[in-house]
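The following exercises concern side-chain contacts in a protein model. Each task is followed by a solution that proceeds step by step.

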Amino acid sequence: MKRHYDTLEIGHISLDYNIDYLDNQIIEVGGAVIYSSAAAKAGGFKVGVVTKLAPEDKDRLDKFVIDKEDVFYIPSKQSTSIRNKYHTADKERRTCTCIGQGDAFELKDIPDVDCDVYHFAGLIYGDFDGDLMIELSKRGKIAVDVQALLRHADKQSGAMYFEDWADKKRVLPYIHYLKTDTAEAEILTGQTDRFVAAKMLHEWGAKEVVITNSAEVLAYDGREIYTCPIRARNLSGRSGRGDTTFAAYITQRSVSNIPDSLLWATATVSTKMEAPGPYRGNRRDIENYIAEFYPEYVK
């Protein structure tokens with residue numbers, strides 16, 4: 001009998017060198033798959049991860065909060081590593097440099113499991129391509145964080161920059177859940193209005209579009225635009241907020257409608273931001289957070 005996952009996440013772990021605006025440096029293991037898998041597990045869902053690392057960096061696997069048997073590790077010639085230099089105290093502006101990028105994911109890397117949603121949680125352009133998404137759409141729903149399709153690394157200097165996704169109109173019809181932030185949505189569509197951008201991305205084929213910003217999260221399914229505010233008590237754990245939001249949303253959608261899933265996602269990321277690192281709470285913690293900080297949403 002095949003192993004079943006509510007979501008299987010595909011992406012690299014990254015060793016991040018985070019330097020604040022005062023030049024204080026913190027070295028930490030991050031990456032979308034670390035934060036996303038933790039958020040999915042917190043909701044009580046069964047999550048697996050496919051990741052690649054150089055063999056000498058396998059200790060990074062210890063940063064996952066999911067069970068070790070659910071992490072499918074594949075050796076890579078090198079591991080992903082990124083330097084983030086923040087220019088402001090709120091960390092809204094940063095310069096990123098790619099120090100190393102892990103090998104691309106291919107169809108042969110994907111385990112033969114029963115999976116509801118294949119979540120592409122990459123970091124840099126080249127982590128995977130549209131053909132892999134199209135192929136896996138034959139097995140389950142596809143969820144894509146567009147970051148890894150827009151964020152490129154210069155091959156010589158490692159300097160990272162954003163560029164439109166040339167393959168978007170071919171691949172978007174195969175994507176069920178698409179996540180961007182406001183800036184990424186503008187790169188994809190040329191629209192500064194995120195409501196207009198969401199409608200364009202849906203018209204191009206994405207079934208449900210999720211757009212995040214620092215204040216709220218938006219979701220659009222072609223019929224109605226929904227929004228829900230982020231109500232974090234503090235911002236000490238900002239890293240991974242978009243990953244946490246999207247993973248919480250797509251897993252909760254298997255059991256809830258869009259507005260309830262949006263509430264679940266915003267509450268999850270709000271409580272996650274209270275501490276650095278991946279979220280380590282559980283479903284009851286999130287339910288309690290909703291009751292305390294989103295009382296008007298409780299039916």
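## Exercises on side-chain contacts

The coordinates come from a predicted model.

**Exercise 1.** Determine whether Tyr-294 is buried or exposed, and characterise the ring pair that Tyr-294 forms with Tyr-297.

*Solution.*
Step 1. The relative accessibility of Tyr-294 is 0%. Buried means under 20%, so Tyr-294 counts as buried.
Step 2. Tyr-297, with a relative accessible area of 31%, is partly exposed.
Step 3. The two rings, Tyr-294 and Tyr-297, are 5.7 Å apart centre to centre, with 70° between the planes. An angle over 60 degrees counts as edge-to-face, and the pair is accordingly assigned to that class.

**Exercise 2.** State how many aromatic pairs the structure holds, then classify the pair of Tyr-177 and Tyr-249 and locate both residues.

*Solution.*
Step 1. The number of aromatic pairs in the structure is 5.
Step 2. For Tyr-177 and Tyr-249, the ring centres are 6.2 Å apart and the planes meet at 85°, so this pair is edge-to-face.
Step 3. Tyr-177 belongs to strand β12 (residues 177-181), whereas Tyr-249 belongs to helix α7 (residues 241-252); the pair therefore ties together parts 72 residues apart in sequence.
Step 4. Tyr-177 has 3% relative accessibility and counts as buried. Tyr-249 is likewise buried, at 1%.

**Exercise 3.** Which charged residues lie over the rings of Phe-105 and Trp-264?

*Solution.*
Step 1. Over the ring of Phe-105 sits the charged end of Lys-52, at 5.5 Å from the ring centre.
Step 2. Over the face of Trp-264 lies Arg-283, at 4.0 Å from the ring centre.
Step 3. Lys-52 also takes part in a network of salt bridges, in which it is linked with Glu-106, Lys-108 and Asp-109.

**Exercise 4.** Give the number of salt bridges in the whole structure, and analyse the one between Asp-23 and Lys-85.

*Solution.*
Step 1. Side chains of opposite charge can pair when their charged atoms come close. The search of the whole structure yields 20 salt bridges.
Step 2. In the bridge between Asp-23 and Lys-85, the closest N and O atoms are 2.6 Å apart, which satisfies the cut-off of 4 Å.
Step 3. Asp-23 is in the loop between β2 (14-19) and β3 (25-30), and Lys-85 is in strand β6 (residues 80-86); the pair links distant parts of the chain, 62 residues apart.
Step 4. Asp-23 counts as exposed at 56% relative accessibility, whereas Lys-85 counts as buried at 14%.

**Exercise 5.** Describe the sequence separation and the exposure of the partners in the salt bridges Asp-131 with Arg-170 and Arg-284 with Glu-287.

*Solution.*
Step 1. The closest N and O atoms of Asp-131 and Arg-170 are 2.9 Å apart. Asp-131 lies in helix α2 (residues 130-136) and Arg-170 in helix α4 (residues 168-171), so their bridge ties together parts that are 39 residues apart in sequence.
Step 2. Asp-131 is partly exposed at 46% relative accessibility, and Arg-170 is partly exposed at 39%.
Step 3. For Arg-284 and Glu-287, the closest N and O atoms are 3.6 Å apart. Both residues are in helix α9 (residues 283-293); they are 3 residues apart and therefore separated by about one helical turn.
Step 4. Arg-284 is exposed, with a relative accessible area of 56%, while Glu-287 is partly exposed, with 35%.

Definitions and conventions
Residues are numbered from 1 along each chain as its sequence is written. This is a predicted model: local features need pLDDT of at least 70, side-chain atom pairs count only at pLDDT 80 or more; totals for chains, interfaces and linings use all residues. Side-chain values use heavy atoms; hydrogens and water are left out. Rings of Phe, Tyr and Trp (its six-membered ring) pair if their centres lie within 6.5 Å; planes under 30 degrees apart count as stacked, over 60 as edge-to-face and the rest as tilted. Helices (H or I, at least four residues) and strands (E, at least two) are DSSP runs, numbered from the N terminus. Buried means under 20% relative accessible area, exposed over 50%, partly exposed in between (1.4 Å probe, protein chains only). A charge sits over a ring if NZ of Lys or CZ of Arg is within 6 Å of the ring centre and within 35 degrees of the ring normal. A salt bridge is a side-chain nitrogen of Lys or Arg within 4 Å of a carboxyl oxygen of Asp or Glu.
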